[in-house]
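Subject: Structure for you to look through

Dear colleague,

I am handing over the structure we spoke about, and I would be grateful if you could open it before reading further. My notes come after it, and they are best read with the model on screen.

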2 protein chains.
Amino acid sequence: MKSRLFIPGPTPIPQAVQDAMAGPIVYHRGPDFPELLTGVVEDAKKLFPTQDELFLLSSSGSGVMEAAVVNTLSPGDRVIVAQAGNFGARWTDICNAYGIEVVSVDGEWGTSIGAERIAGELTADASIKAVLTTQSETSTGAMHDIPAIGQAVADHEALLIVDGISSVCAHPLDTAAYGVDVALTGSQKGLGLPPGLAVMTLSQRAAAAAENAKCPRFYFDISRYRASLSEGRGPSTLPVTLISGLRAALDLVENEGIAEVWNRHARQAGAVREAIWSIGLECFADSPSNALTAVSLPESIDGVELMQRLSQSYGAVIGGGLAHLRGRVVRISNLGFVTDDDIRFIVQALEETLAWMGYRFDRGSAIAAADKALG
Amino acid sequence: MKSRLFIPGPTPIPQAVQDAMAGPIVYHRGPDFPELLTGVVEDAKKLFPTQDELFLLSSSGSGVMEAAVVNTLSPGDRVIVAQAGNFGARWTDICNAYGIEVVSVDGEWGTSIGAERIAGELTADASIKAVLTTQSETSTGAMHDIPAIGQAVADHEALLIVDGISSVCAHPLDTAAYGVDVALTGSQKGLGLPPGLAVMTLSQRAAAAAENAKCPRFYFDISRYRASLSEGRGPSTLPVTLISGLRAALDLVENEGIAEVWNRHARQAGAVREAIWSIGLECFADSPSNALTAVSLPESIDGVELMQRLSQSYGAVIGGGLAHLRGRVVRISNLGFVTDDDIRFIVQALEETLAWMGYRFDRGSAIAAADKALG
């Protein structure tokens, strides 16, 4: 059975991307590479959109989160980490590893941290150097209101550093309009590439902070990337196959239009939410993201079994609950190049599987609700 | 024209690897991933060979070099860096970034550092914590004698850390027999994969050093990898496509036999050397590696032009000289899954191009010498 991915990364890989990656390897020191790299870097800015500097790194999402920290901060600095989930907590782990003091503004998993709480901490402590947060918290499906958080930070010296790893393409992360100094994403998320390529943008303020940042760094040192990018190269071997794939993915985004990409994610995530509400289930997140929907399950339904049955009977791969949510939550993602028909397919499969597992509801109501929302 | 790679990474990608990577993405949190990952980790040990712990990281070669340093050393430690080329010098740059003091045992590019010089420094300074060196120096085509260096280090407390990034598959890097504590390689080298996946082995001594190492680290912190590897996972998203490709590459190595893989590299590198000697050219390296041959060019031949003509007329991509060797040296690699016919092709193309550029030699002697060496 063909497997169909509904997980918040890795996301389905479009054929055009697959084909681009199967083409001849472009030699990273050869004559054709600089044009490819500089074109990709410029066009990737349209995803946020941003006019900030943009860098491509060979790492997973955690790697580029570390790059954001070590390039802008110093041991002993105090920062706010605003988090209510697994990936927000990763900011704290990274800061702890580098001797950066964390003022934690946290909440229950599934909630989003209000901007006023961040504003309060910033006013109380003028020494705060940065606010680190997550746009779409992949473990809970919750979205943080980055425009509001940006306004809260705007009156202060602190930098705003946003993990947009699983939100870019699903939501705008307009760095200038929102006041974001460092924005991140990863290849296996909205861009529909395999994992291994990460993206970081730096505002002028963040670039200035990087001049004075004292965290030790080599591989993630952005000054090495900047120096080589000016010649159309990376400081070490860039993942050239993923960069060829990114060229194809950016062409797909360009053809559809980034605004329509955001609209599509909003429409599809809305359809999943309507579907689950229509059969008496709840979203786990207070402020759901358009990248994925975490579904709270009734006690009678084990999420691990639900995932297994969807995979075995339909080839549909959805995400499970992380940490203490294992079995209690499933996560259905529409991130990346997902079609409306894919959404109909997963909602139908979910209905049939829940019915088979003994959950009682009006059969057909989920697919009807999804259909209506998809329009 | 089909492009054919003769560069020391990225190397040609075998069809079986290409096919494996084009298959369905394996979900890194799904039920099938642990078996894939643990199998690949075990089989990758046969490349060195080693029985040490082995970790797969999502990074380029420079990233895994940093991982070797930050997991085993502390700021203020003193180390020996034995280097005579661009990639050896990278060890110094990484150590400098982390406040590790480097005793440089260096030589002219193209030479290899004698083990006795390292032994002398170790005896003179009992505080040395590690010796860092490069098995095959990709910028010069020179090989360091790791068994001899291992013997020199064996009488001391210092760890031996070896960049085998472009030597694994071309030469054994037998960690137990040679006394190597940390060995490294990268996906786009001997394994014929795209770049983005790196490999690190750790001896028990290195693992013990990691317990006390004070360099700050998160992304490259090996304790995170060890904890998740025991469950068949990575600590963050591993490059699953490259891991599927690695499965196919390891199967190819298994089918051929690792000893025959080493023999093939020796035979092919030997054929390239015989070919260039037969037409009055010289190897740049005193002790040439079996991964690549750096060819010293006469003043009448510009290496950049030679590369361009080989690419334009034959689709043959060779490496140029790095840094001050630009134009003076070209690098012809047989690393990865290169066939004897590929070697005949590049030698023939080199002959024709050199003749076209006005270099005078007995036509046909290079291909005859290569043929004889290939047997």
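Below I go through the domains, then the contact between chains, and then some salt bridges.

Please keep in mind throughout that this is a predicted model.

Let me begin within one chain. Chain A is divided into domain 1, which covers 15-255, and domain 2, which covers 257-374, and the centres of these two domains, taken over C-alpha atoms, are separated by 28 Å. Where they touch, 32 residues of domain 1 of chain A meet 23 residues of domain 2 of chain A. The size of an interface is often given as the accessible area lost when the parts come together. For domain 1 and domain 2 of chain A that buried area is about 2,100 Å², with carbon and sulfur atoms giving 65% of it. Between these domains of chain A there are zero salt bridges, although nine residue pairs are in polar contact. On the domain 1 side of chain A, α4 (86-97), β7 (142-143) and α10 (240-256) each supply at least two residues, and α10(A) gives the most, with five residues. Sorted by class, that side of domain 1 of chain A holds 15 nonpolar, 14 polar and three charged residues.

The contact between the chains can be described in a similar way. Here 46 residues of chain A are in contact with 47 residues of chain B, and the two chains bury about 3,500 Å² between them, 66% of it on carbon and sulfur atoms. In chain A, the residues that lose the most area to chain B are Ile25(A), Tyr27(A) and Phe218(A), which together account for 19% of what that side buries. Across the interface of chain A and chain B there are zero salt bridges, while six residue pairs are in polar contact. The elements of chain A that give two or more residues to the side touching chain B are α1 (15-22), α3 (61-72), α4, α10 and β13 (316-320), and α4(A) provides the largest share, five residues. The residues on this side of chain A divide into 25 nonpolar, 15 polar and six charged.

Now to the salt bridges. Side chains of opposite charge can pair when their charged atoms come close. Over all chains the structure holds 38 salt bridges, and I pick out a few. In chain A, the side chains of Arg264(A) and Glu256(A) meet at 2.7 Å, N to O; Arg264(A) is buried, at 6% relative accessible area, whereas Glu256(A) is partly exposed, at 28%.

In chain B, Glu254(B) forms a salt bridge with Lys46(B), with the closest N and O atoms 3.4 Å apart. Glu254(B) lies in helix α10 and Lys46(B) in the loop between α2 and β2 of chain B, so the pair ties together parts that are 208 residues apart in sequence. Both partners are partly exposed, Glu254(B) at 47% and Lys46(B) at 38%.

Another salt bridge in chain B joins Asp181(B) and Arg205(B), whose closest N and O atoms are 3.2 Å apart. Because Asp181(B) lies in the loop between α7 and β9 and Arg205(B) in helix α8 of chain B, this pair ties together parts 24 residues apart in sequence. Asp181(B) is buried, at 5%, while Arg205(B) is partly exposed, at 38%.

Lastly, salt bridges that share partners join Asp43(A), Lys46(A), Arg247(A), Asp251(A) and Glu254(A) into one network.

With best wishes

Conventions: Residues numbered from 1 in each chain as written. Chains lettered and ligands numbered in written order. Predicted model: local features only at pLDDT ≥ 70, side-chain atom pairs only at ≥ 80, totals over all residues. Heavy atoms only, no water. Domains from an automatic or database assignment. Contact = heavy atoms within 4.5 Å. Buried area = accessible area lost by both parts, 1.4 Å probe. Salt bridge = Lys/Arg side-chain N within 4 Å of Asp/Glu carboxyl O. Polar contact = N/O pair within 3.5 Å; in protein donor to acceptor, adjacent residues only side chain to side chain. Helix = DSSP H or I, 4+ residues; strand = E, 2+ residues; numbered from the N terminus. Nonpolar A, V, L, I, M, F, W, Y, C, P; charged D, E, K, R; others polar. Buried < 20%, exposed > 50% of the residue type's maximum accessible area, 1.4 Å probe, protein only.
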